[in-house]
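Please walk through this structure with me, beginning with the overall make-up of the chain and then moving to its sheet, its aromatic residues and one histidine.

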Amino acid sequence: MAQATGLSPAAVSYALRGLQVSEETMERVRAAAAELGYEADPIARALASGRTGMIGLLCGSLEDLWQQSLAVGISRGLREKDRYALILDAVGDPARERALGRQLRDQRVDGMIVQPVDPAAAFWAELCESVPVVAIGDSIAGTAGEVVFDNRRGVTLALEHLRALGHRRIAVLTPTRPSTPDRPADVHVTAEAERLGLDIELTTAPHDLAGATATAHRVLSGEQPSAVFCFSDSIAYGVYAAAADLGLSIPGDVSVMGYDDHPMSGLLSPGLTTVDWDIDGIVRAAVRLISAAADGGARRRRVVQKPTLRERGSVAQRS
């Protein structure tokens with residue numbers, strides 16, 4: 001490579017890493033590399049720079065289709081920044097989340113993007129001291145940055161919409177476990193229900209279709225609510241399946257709302273009314289924050305994602 005460009009080996013090395021050389025020199029070296037089919041050895045580059053180019057992406061549960069879409073978007077966004085995502089799944093388990101977070105740290109990733117199962121867990125403080133972390137969804141103390149949802153606004157949009165259509169008894173299905181209490185969305189739904197005079201029942205439901213369907217079966221087979229509000233579109237799909245099994249029509253017998261506007265939600269019959277969090281905006285913000293943090297940016301940054309209500313056909317006026 002040095003011979004092909006007429007530069008010293010050190011200058012070529014710097015140019016390939018984007019360090020201490022002019023744009024003209026970098027372009028000259030990159031053109032020669034492309035012509036020769038040269039690819040830098042990632043292990044050698046990591047040893048020289050102290051960086052791996054890897055960003056750990058720790059997902060709360062990849063059974064949630066929206067989190068799958070988010071992981072795809074972040075992986076592509078990082079690739080455009082010449083970084084790679086190492087994607088791990090906590091499967092909704094706080095203990096597994098803790099173990100995987102420490103594993104990523106020990107593998108010397110340049111940073112982590114996390115969708116926390118348990119944002120209040122004590123181990124996050126230890127982790128954030130040793131590696132830059134960007135949190136998505138819930139705030140975590142000590143992170144380099146966070147993209148948090150305005151859950152108060154999202155919950156208010158959903159419950160006010162249901163109340164305006166005459167719904168008073170509402171089942172709320174949440175992925176929150178007893179081991180991870182007091183998450184913002186759950187706190188807000190309880191407070192807003194009291195303000196609006198709604199009778200709500202919070203029930204834990206998993207993201208996977210079979211588990212969500214089983215939970216919805218129990219909810220719809222008892223004292224049936226007039227509406228079901230799900231803190232994940234993936235859980236709402238289970239309500240659709242359970243309603244079909246029980247011979248209930250949506251929205252004739254029961255209205256259903258979701259909370260993240262997965263692309264599949266518009267294909268259901270009827271389409272799912274849901275809260276849209278702008279997944280493309282979340283991806284851009286998370287990639288921008290972790291890239292800055294991995295490059296040594298010291299200032300903590302916080303992005304608050306605003307929701308919009310996406311009305312489709314799954315919610316009707318309560319007769």
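The paragraphs below take these topics in turn.

The model is predicted, and its protein chain contains 12 helices and 12 strands. Of the 319 residues in the protein chain, 49% are buried, while the accessible surface of the chain comes to about 14900 Å², with 50% of that area belonging to carbon and sulfur atoms. If one takes the contacts in the protein chain with a separation of 6 or more, residues 24 or more positions apart account for 70% of them.

Turning to the strands, six of them form an open sheet in the order β2-β1-β3-β4-β5-β11, and their pairing is parallel. The edge strands, each of which pairs on one side only, are β2 (84–89) and β11 (301–305), and from one strand to the next the twist averages 15°. In general, the strands of a sheet pair through backbone hydrogen bonds, in either a parallel or an antiparallel manner. Strand β5, which covers residues 145–149, pairs with β11 in the parallel sense over five bridges, and within this part of the sheet G145 stands opposite R301 in β11.

The aromatic residues give a second view of the structure, which holds seven aromatic pairs. For the pair of F231 and Y259, the ring centres are 4.9 Å apart and the planes stand at 75°, so the pair is edge-to-face, given that angles over 60 degrees count as such. This pair links distant parts of the chain, since F231 lies in the loop between β8 (227–230) and α11 (233–245), whereas Y259 lies in the loop between β9 (255–257) and β10 (274–276), 28 residues apart. F231 has a relative accessibility of 10% and therefore counts as buried, and Y259, at 6% relative accessibility, counts as buried as well, the cut-off being under 20%. Both F231 and Y259 belong to one aromatic cluster, which is formed together with W66, F149, F229 and W277.

Is the histidine at position 167, H167, buried or exposed? H167 has a relative accessible area of 1% and is therefore buried, although its place is in a loop, the one between α8 (151–164) and β6 (169–174). The side chain of H167 is joined to that of S255 by a polar contact of 3.4 Å. Leaving aside residues up to four places away in sequence, H167 touches L162, L198, S226, A227, S255, V315, A316 and R318, so that S255 appears both in this list of contacts and as the partner in the polar contact.

Key: Residues are numbered from 1 along each chain as its sequence is written. This is a predicted model: local features need pLDDT of at least 70, side-chain atom pairs count only at pLDDT 80 or more; totals for chains, interfaces and linings use all residues. Side-chain values use heavy atoms; hydrogens and water are left out. Rings of Phe, Tyr and Trp (its six-membered ring) pair if their centres lie within 6.5 Å; planes under 30 degrees apart count as stacked, over 60 as edge-to-face and the rest as tilted. Helices (H or I, at least four residues) and strands (E, at least two) are DSSP runs, numbered from the N terminus. Buried means under 20% relative accessible area, exposed over 50%, partly exposed in between (1.4 Å probe, protein chains only). Two strands pair if DSSP finds at least two bridges between them. Axes are lines fitted to C-alpha atoms, for helices over the stretch in contact, and angles run from 0 to 180 degrees between N-to-C directions. A polar contact is a pair of N or O atoms within 3.5 Å; within protein, one must be able to donate a hydrogen and the other to accept it, and residues adjacent in sequence count only if both atoms are side-chain atoms. Contact means heavy atoms within 4.5 Å. Accessible areas come from the Shrake-Rupley method with a 1.4 Å probe; for residues, only the protein chains shown count as cover.
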